[in-house]
Amino acid sequence: MADQQFRPRCRTAGVDMFPDHDDPDGIAEAQAVCEFCPIRQACADGALARREAFGVWGGLTEADRRAIYNQAPPSTTTRSARVAQRRRDVDALVAQGLGNKAIAARLGVPVDLVQKARRASGSTKRPSTRAVRTAERDVRIDAMLDAGVSVKQIRLQLHVGYKAVQRRCDLRSTTNTVEEVAA
Ligand code: SF4
């Protein structure tokens, strides 16, 4: 049930989610797929956390992500003001369900500073659901399977178990079979 509810739209849209950076039509088409995807936010956060270099993820293009990474930290404020601001920023992102790595990528700071800010404000518990995290992981596995990456490499790069990858392989082969029969 959760799998249906959080099914990534790009899996069935038949659209290239890795358009060339100089192909505005392809980029717009990919973004349109993301627009109503049920896991859009988690997908975008995950791509930022992993510093994905290529493709449209959660509606964010390669250029969008680069702009976020390159956001300059405030330089004219005092240290205590910056710490207070960072704590507020971290709290806001925690409330959105982001994990430490995603928050660090979003704010352009090291993970240990995020952990420190969370300890200081007492917001150490991540409120996002397991289903969202699982769906986000499955999107990554599917994208890597689509790109022809081996199971072993997927496990190494995503730090996931054999069963998680195998389940996606099984599901995809079942889906393909059903689609072939229907066609
Ligand atoms: S790239 Fe992410 S947000 Fe876009 S359709 Fe796929 S899973 Fe959904």
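**Helix packing and the ligand shell**

In this predicted model, helices α7 and α8 cross with a right-handed sense. The residues that bring these two helices into contact are Asn100, Lys101, Ile103 and Ala104 on the α7 side, and Val111, Val114, Gln115 and Arg118 on the α8 side. Sorted by class, this contact of α7 with α8 comprises four nonpolar, two polar and two charged residues. The axes of α7 and α8, the latter spanning residues 111-121, come within 8 Å and cross at roughly 110°; because angles of 65 to 115 degrees count as roughly perpendicular, α7 is described as roughly perpendicular to α8.

Helix α7 also packs against α6. The axes of α6 (residues 79-95) and α7 (residues 100-107) come within 10 Å, with a crossing angle of roughly 130°, and the two helices are therefore oblique to each other. This crossing of α6 and α7 is right-handed. From α6, Asp89, Val90, Leu93 and Val94 meet Ile103, Arg106 and Leu107 of α7, and the contact of α6 with α7 holds five nonpolar residues and two charged ones, with no polar residue. Ile103 appears in the contact of α7 with α6 and also in the contact of α7 with α8.

The ligand is surrounded by 13 residues, of which Cys10, Cys34, Cys37, Cys43 and Gly58 come nearest. The elements that contribute two or more residues to this shell are α3 (24-35) and α4 (40-50). By class, the shell around the ligand consists of ten nonpolar residues, one polar residue and two charged residues.

Conventions: Residues numbered from 1 in each chain as written. Predicted model: local features only at pLDDT ≥ 70, side-chain atom pairs only at ≥ 80, totals over all residues. Heavy atoms only, no water. Axes fitted to C-alpha atoms, helices over the stretch in contact; angles between N-to-C directions. Helix = DSSP H or I, 4+ residues; strand = E, 2+ residues; numbered from the N terminus. Parallel < 35°, antiparallel > 145°, perpendicular 65-115°, else oblique. Left-handed = near helix turned anticlockwise from the far one by under 90°. Contact = heavy atoms within 4.5 Å. Nonpolar A, V, L, I, M, F, W, Y, C, P; charged D, E, K, R; others polar. Near = heavy atom within 4 Å.
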